[in-house]
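Visitor: Please take me through one part of this model in detail. I would like to see how the helices pack there.

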Amino acid sequence: MRVLIAGGGVAGTVTAMALQRAGHEPVVFEAYPSGGADAGAFLTVMHNGMDALKAIDADGPVNDTSFAALGVELVGPDGTSMGTREFDTGELAGPRTLTRAALYRALQEEAGRRGITVEHGRRLVSAETTAQGVVATFADGSTATGDVLVGADGVRSEVRTLIDPDADRPRFTGLTVVYGYTRAEGLPAAPGVYRMIRGTRAAFGFTTAPDGATFWFARIPDTERPRDEIAAVTPAGWREFAHATFDGDPLPCADIVAATGEDVFGGHSYDVPTTRVWSTDTMVLVGDAAHAASPAAGQGASMALEDSVVLALCLRDLPDAPSAFAAYEKLRRTRVEKLVATSAGQDVGEKPGWLYHHHIDWNERITG
C-alpha cells in the first residue's frame, strides 16, 4: 500500500521506516520547514522505546547521538537524598537521553538513508476517502493520494478530528514544563542519573551529559494561558519564571536555572486521556495523536515508537487496512490509556515494570 503519514516527528518517521520494512510505500508529510515541534525540549527514550527501535534496526542512530540514563536519584524538599534507583532493564537496552531536535534529525536522516520520502512544509488541512483511496490536502493547496492515511501529527492532531469531529480536545494537565541546558562550571553533577528534586512549589530534575553539559527541566503548577501568549515568552521570561519558582528553596535548582543562558524553552503540558475513535477504514492514529500523556512518566516518545512498529506489523500480517487497524487498536489501547492515567497521577495499582519491560518481536505474526 501507499501510506500517507501526516507528521514527521518521532511517531511519523518511525512509522514510515517500520511500514517500509513491512513491504509498504510510506511518504511522510511534515508541517514544519525542518525538524518538528518542541525542538527545544529533551527527552529520554526508555528501554521499551529503544526495544521498538531495535525491532526495525533503527536504534543505532539514536545511540550515536545520545547518552545513557542509568537511573534516578530522589531528593526531598530539604535537599536530603532518599536513594538512587537504577533502571531495571532486564534483557532490553538501557534508556538514552537526547534533545528532541537531535532525535528528529537522527530518525529523519535514517529514513532518508532508507530511501523514504519526507516532505517538509506540508501541513495537512483535510482529507477525504474516494474510490482511489485517501486524498490529503495541504495548506499550500497541494494534494496527495494514498491507500491509507496515518495521523502522526501530535497532540493537536488534525487527523484525529477528521476521524471523529467530536473527539475530545487536549486537556491541560495543570503543569507548565521548562527545559534548559547550561555548560556553566561549579554546578552539582549528576552523571548517568536523573536527580529528581521535589521543591516546595514544583518538581525539578537534572542530569549531566558526558561532555559536562547540565540538562534540566522543571514541572511547575500553573494556570492555562492562551497559546499565543505562551508562544511569545522569551528565553529570559522562561528563565525568570523557573527561577522564581525555586528561589528560596535549600536546593541547587535556582542556581542551575540562573546559570543558564538563552537555551531555555517552555510550554504548557497537555494530555489526551482517551480517544473514542482511533480509525476509519482508511485513516488511523499513532502516538500523541491517539493518546498524549503528561511528561511525568517520561513515556511519550517510547509509546509512540511502540505504536509505530505494532501498526506496521498489523498492516504486514492482516488482509486489509480495516482488519489491521482493529487489531492495532486492540493491542495498544489498554496499555497506552493506562500510561496516560499513570502520568496523570492516578493509581493504577502496579509498579512501572509493566511500562518498561515491553518487548516487540518483529518476527512474531499478528493474527488479529
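Guide: Start with the pair H1 and H10, which cross in a right-handed sense. This is a predicted model, so a word on confidence comes later. H1 and H10 pack at an angle of about 30 degrees, and their axes lie 8 Å apart. Angles under 35 degrees count as roughly parallel, and H1 and H10 are therefore roughly parallel to each other.

Now the residues. On the H1 side, Val10, Ala11, Val14, Thr15, Ala18 and Leu19 take part. They meet Ala301, Ala304, Leu305, Ser308, Val309, Leu311, Ala312 and Leu315 of H10. The spacing fits a general rule: an α-helix has 3.6 residues a turn, so residues three or four places apart point the same way.

H1, residues 10–21, also packs against H4, residues 100–113. Here the angle is about 20 degrees and the axes are 10 Å apart. H1 and H4 are therefore roughly parallel too. H1 passes H4 in a left-handed crossing. From H1, the contact uses Val10, Thr13, Val14 and Met17. From H4 come Arg100, Leu103, Tyr104, Leu107, Gln108, Glu110 and Ala111. Val10 and Val14 thus serve in the contact with H4 and in the contact with H10.

H10, residues 300–317, has a further partner in H2, residues 47–55. H2 and H10 pack at about 30 degrees, with axes 8 Å apart. That angle makes H2 roughly parallel to H10. The crossing of H2 past H10 is left-handed. Asn48, Gly49, Ala52, Leu53 and Ala55 of H2 touch Ser302, Leu305, Glu306 and Val309 of H10. Leu305 and Val309 of H10 therefore appear in this contact and also face H1, where contact means heavy atoms within 4.5 Å.

After H10, look at H11, residues 321–343. Its 23 residues, at 1.5 Å each, should span 33 Å. The end C-alpha atoms are 31 Å apart, which agrees. H11 does have a kink of about 40 degrees, centred on Arg332.

Last, confidence. The mean pLDDT of the protein is 92, and 96% of its residues reach 70 or more. Residues 346–350 fall below 50. Beyond near neighbours in sequence, that stretch has six contacts in the model. Where pLDDT is low, the predicted coordinates should not be read in detail.

Key
Residues numbered from 1 in each chain as written. Predicted model: local features only at pLDDT ≥ 70, side-chain atom pairs only at ≥ 80, totals over all residues. Heavy atoms only, no water. pLDDT = per-residue confidence, 0-100. Helix = DSSP H or I, 4+ residues; strand = E, 2+ residues; numbered from the N terminus. Expected span 1.5 Å × (residues − 1). Bend = angle between axes of the 7 residues up to and from the residue. Axes fitted to C-alpha atoms, helices over the stretch in contact; angles between N-to-C directions. Parallel < 35°, antiparallel > 145°, perpendicular 65-115°, else oblique. Left-handed = near helix turned anticlockwise from the far one by under 90°.
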